[in-house]
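Thanks for making time. I will go through the packing first and then the charged side chains.

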Amino acid sequence: MSDAGILARGTVLVDPRKAVEKLRAHQLAQPGLYVLEVVRAATLLGATTLTLENDSDDLALSWEGPAPRGDALRALLDHLFDANDRALRLLAVAVNAALGLRPAFVDLYTTEHPDLAEGAAARVRYTADEGVLGEGVVTVVPRPKSLPPRGFLLHVRERFGAAVMAEWLRREPAETALLRARLLSP
């Protein structure tokens, strides 16, 4: 290419917060598909068992097997554009899309964290109101009953409102219907 074809050279600056906010709103065709991204991450990491507990305002999706470390979950949204670790990228996409639904919180639990006592887990909490980009805080908590002795748990608590009431009346939460349609249909 000759120099006559180049008009200008420069740098484009992107505001990471605005990029993550845009992705949160438009990353998945149906925001509820975030559960499929969690299943994909579990599969990549070698999960042996997946368990879904879902009602009108809570979704708990856990797996038994290898899980991300607490420090990786603390900076999970940094992996939204990570081409090197596909499992963490899929979890980042899932959490970011779930946050786009404006839940009360998204909790990530793992049994992979240094110096955890028996019966404990590491928890990282994300909310839609804070932490658009920032890091979550790793807290050591008692291991929830739905978290296997070695594994991972995603817990999404929806805010009470019309959507929660509609799911309660429908008797099958949207995420469960999506998983059933995508994973169990022939």
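Start with the nonpolar core, keeping in mind that this is a predicted model. The largest such core has 37 residues. The residues with the most contacts inside it are Tyr34, Leu76, Val95, Val106, Leu108, Tyr126 and Leu154. Helices and strands both contribute: α2 (34-45), α3 (70-74), α4 (86-100) and α6 (174-184) each give two or more residues, and so do β2 (58-64), β3 (105-110), β4 (120-126) and β6 (151-157). Of these elements, α4 gives the most, with 10 residues.

Take Leu108 as an example. Which residues does Leu108 touch, once neighbours within four places in sequence are left aside? The list is Leu73, Leu76, Val95, Ala122, Arg123, Val124, Tyr126, Phe152, Leu153 and Leu154.

There is also a second core, separate from the one I just described, with six residues. Tyr109, Ala121, Leu147 and Leu153 are among them. As for aromatic pairs, the count is one.

Now the charges. Side chains of opposite charge can pair when their charged atoms come close. The model has five salt bridges, and I will show some of them.

In the first, the side chains of Arg40 and Glu37 meet at 2.4 Å, N to O. Both residues are in helix α2, and because they are three residues apart there, about one helical turn separates them. How accessible are the two partners, Arg40 and Glu37? Arg40 is partly exposed at 39% relative accessibility, while Glu37 is buried at 11%.

The next salt bridge joins the side chains of Asp107 and Arg125, at 2.7 Å from N to O. Here the partners come from distant parts of the chain: Asp107 belongs to strand β3 and Arg125 to strand β4, and they are 18 residues apart. Asp107 has a relative accessible area of 1%, so it counts as buried. Arg125 has 36%, so it counts as partly exposed. Arg125 has another partner to look at: its charged end sits over the ring of Phe105, 3.9 Å from the ring centre.

A further salt bridge is between Arg150 and Glu112, where the closest N and O atoms are 3.5 Å apart. This pair, too, links distant parts of the chain, with the two positions 38 residues apart in numbering. Where do the two residues lie? Arg150 is in the loop between β5 (138-142) and β6, and Glu112 is in the loop between β3 and β4. Both partners are partly exposed: Arg150 has a relative accessible area of 45%, and Glu112 has 25%.

Last, Asp58. This residue is in strand β2 and is buried, at 15% relative accessibility. What does the side chain of Asp58 make polar contacts with? One contact, of 2.7 Å, is with the side chain of His155. Another, of 2.6 Å, is with the side chain of Arg157. Leaving out residues up to four places away in sequence, Asp58 touches Glu53, His155, Val156 and Arg157.

To recap two items: α4 gives the most residues to the largest core, and Arg125 both meets Asp107 in a salt bridge and has its charged end over the ring of Phe105. I will take questions now.

Technical notes: Residues are numbered from 1 along each chain as its sequence is written. This is a predicted model: local features need pLDDT of at least 70, side-chain atom pairs count only at pLDDT 80 or more; totals for chains, interfaces and linings use all residues. Side-chain values use heavy atoms; hydrogens and water are left out. A nonpolar core is a set of buried Ala, Val, Leu, Ile, Met, Phe, Trp, Tyr and Cys residues joined through side-chain atoms within 4.5 Å. Buried means under 20% relative accessible area, exposed over 50%, partly exposed in between (1.4 Å probe, protein chains only). Helices (H or I, at least four residues) and strands (E, at least two) are DSSP runs, numbered from the N terminus. Contact means heavy atoms within 4.5 Å. Rings of Phe, Tyr and Trp (its six-membered ring) pair if their centres lie within 6.5 Å; planes under 30 degrees apart count as stacked, over 60 as edge-to-face and the rest as tilted. A charge sits over a ring if NZ of Lys or CZ of Arg is within 6 Å of the ring centre and within 35 degrees of the ring normal. A salt bridge is a side-chain nitrogen of Lys or Arg within 4 Å of a carboxyl oxygen of Asp or Glu. A polar contact is a pair of N or O atoms within 3.5 Å; within protein, one must be able to donate a hydrogen and the other to accept it, and residues adjacent in sequence count only if both atoms are side-chain atoms.
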